[in-house]
Structure formats: C-alpha cells, structure tokens
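Good morning, and thank you for coming. I would ask you to look at the sequence and the model together while I speak.

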Amino acid sequence: MKKIQALIRKYWDILSYLFFGGLTTLVNYLVYFPLFNWAGCSATLSNAIAWALSVLFAYLTNKPFVFKSYDWSWKTVGPEFGKFVGCRLGSGLVESLIILVTVDILGLNGNIIKLLTSVLVVLLNYVSSKLVVFKKK
C-alpha cells in the first residue's frame, strides 16, 4: 500500500491532470457534439464555443487540484489566467485549424476528427500549463 501511495505522490501532477483533463474534455464534448450534430452549427463554430467553456472549467480545476496553486488574489490570478488562456489559445488554434481543414473543407467526419485532435490538444495543454502557467518558482 505504501508503494502505491508513493507512486501516486510521485505522479500526482500527471494523474490529476489526466482526471481533470478528462472532465475538461467531457465539458468540451458536451458542448461541441450537440452544437455540431443537432444545432446545425459548423464544426469550427461548435469547436470555438466548446473551447471557451472548457478553458474556463480547466483553469478553475487545474489551478488548485492539479498544480496546487491556491492564491486567488487578482495579483496572481490575472497574469496566471492570461498565460493560461494564451497557451490554450495556441492549442485551440491548432485544433481549430485541423478541424477547419479536415472537416469543413475536406468533408471528413467531424466527430472522429474531434476525438483524434483531442489527444494532441491534451498533450499540448499539459506541457504548456506545467512549463509556462503554473511553473514552480
């Protein structure tokens, strides 16, 4: 049991990021799929709306639970949230460009492409959050 606890402590950042990243992805999908499949929105518009809501959710969960950043003063949150959104804009633009080209232009399946690009986005977001936004001082 102590070995398991030691492993959890050692890999907490990754394990908690995967858990909350999974929830963030769920938020993203719960917005994207209905907009794209039922509301008739384009894949690009559906993705943009889903992105905005999931970025907010991700910040609110990743800050305390993944990266153990507990200072909610504006002095900390302002720059931190700015960097967080900036990094997510980068990965969001990569995802949107992939979706625009593959789904809206080439006509590939928007549901499958969304799922596939999610893997790349999760990796980009973890690295940018760890190295840029919540880096240890």
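**Asn 62 and its surroundings**

Setting aside residues within four places of it in sequence, Asn 62 is in contact with Tyr 17, Phe 20, Phe 67, Arg 88 and Phe 134. Please bear in mind throughout that this is a predicted model. Asn 62 has its place in helix 3. Is Asn 62 buried or exposed? Its relative accessibility is 1%, and because a residue under 20% counts as buried, Asn 62 is buried.

Let me now step back to the chain as a whole. The chain has five helices and zero strands, so that the order of elements from the N terminus reads α-α-α-α-α. Taken along the principal axes, the C-alpha atoms fill a box of roughly 50 × 40 × 20 Å. The chain has 137 residues, of which 39% count as buried. Among the contacts with a separation of 6 or more, 67% are between residues 24 or more positions apart.

I return to one of the partners of Asn 62, namely Phe 67. Where does Phe 67 lie? Phe 67 is in the loop between helix 3 and helix 4. With a relative accessible area of 5%, Phe 67 is buried. Leaving out residues up to four places away in sequence, Phe 67 touches Tyr 17, Asn 62, Tyr 126, Ser 129, Lys 130, Phe 134 and Lys 136. Phe 67 and Lys 135 are 68 residues apart in sequence, while their C-alpha atoms are 8.5 Å apart in space.

Another partner of Asn 62 is Phe 134. With the same neighbours in sequence left out, up to four places away, Phe 134 touches Tyr 59, Asn 62, Lys 63, Phe 67, Ser 69, Glu 80, Phe 84 and Ser 129.

This brings me to the nonpolar cores. The largest nonpolar core has 14 residues, and those touching the most other members are Tyr 17, Tyr 59, Val 66, Phe 67, Phe 84, Val 133 and Phe 134. Which elements give two or more residues to this core? They are helix 2, helix 3, helix 4 and helix 5. Helix 3 provides the largest share, five residues. Apart from this core lies another one, of 11 residues, among them Val 31, Ala 43, Ala 50 and Val 103.

Next, I turn to the packing of two helices. Two packed helices are described by the angle between their axes and the distance between those axes. For helix 2 and helix 5, the angle is about 145° and the axes are 10 Å apart. The crossing of helix 2 with helix 5 is right-handed. Which residues meet there? From helix 2, the contact includes Asp 13, Ile 14, Tyr 17, Tyr 29 and Phe 36. From helix 5, the residues include Lys 114, Leu 115, Val 122, Tyr 126 and Lys 130. By class, the contact of helix 2 with helix 5 has nine nonpolar, seven polar and three charged residues.

My last topic is the salt bridges. How many salt bridges does the structure hold? It holds three.

One of them joins the side chains of Lys 130 and Asp 13, at 2.6 Å from N to O. This pair links distant parts of the chain, since Lys 130 is in helix 5, residues 110–133, and Asp 13 is in helix 2, residues 12–37, 117 residues apart. Lys 130 is partly exposed, at 31% relative accessibility, whereas Asp 13 is buried, at 18%.

Another salt bridge is formed by the side chains of Glu 80 and Lys 63, again at 2.6 Å from N to O. Glu 80 lies in helix 4, residues 74–105, and Lys 63 in helix 3, residues 43–66, so this pair ties together parts 17 residues apart in sequence. Both Glu 80 and Lys 63 are buried. As you have heard, Glu 80 and Lys 63 are also touched by Phe 134.

There is also a salt bridge between Glu 95 and Lys 114, whose closest N and O atoms are 3.1 Å apart. Because Glu 95 lies in helix 4 and Lys 114 in helix 5, the pair ties together parts that are 19 residues apart in sequence. Glu 95 is buried, with a relative accessible area of 4%. Lys 114 likewise counts as buried, at 0% relative accessibility.

Thank you for your attention.

Methods:
Residues are numbered from 1 along each chain as its sequence is written. This is a predicted model: local features need pLDDT of at least 70, side-chain atom pairs count only at pLDDT 80 or more; totals for chains, interfaces and linings use all residues. Side-chain values use heavy atoms; hydrogens and water are left out. A salt bridge is a side-chain nitrogen of Lys or Arg within 4 Å of a carboxyl oxygen of Asp or Glu. Helices (H or I, at least four residues) and strands (E, at least two) are DSSP runs, numbered from the N terminus. Buried means under 20% relative accessible area, exposed over 50%, partly exposed in between (1.4 Å probe, protein chains only). Axes are lines fitted to C-alpha atoms, for helices over the stretch in contact, and angles run from 0 to 180 degrees between N-to-C directions. A crossing is left-handed if the near helix is turned anticlockwise from the far one by less than a right angle, and right-handed if clockwise. Contact means heavy atoms within 4.5 Å. Ala, Val, Leu, Ile, Met, Phe, Trp, Tyr, Cys and Pro count as nonpolar, Asp, Glu, Lys and Arg as charged, and the others, Gly among them, as polar. A nonpolar core is a set of buried Ala, Val, Leu, Ile, Met, Phe, Trp, Tyr and Cys residues joined through side-chain atoms within 4.5 Å.
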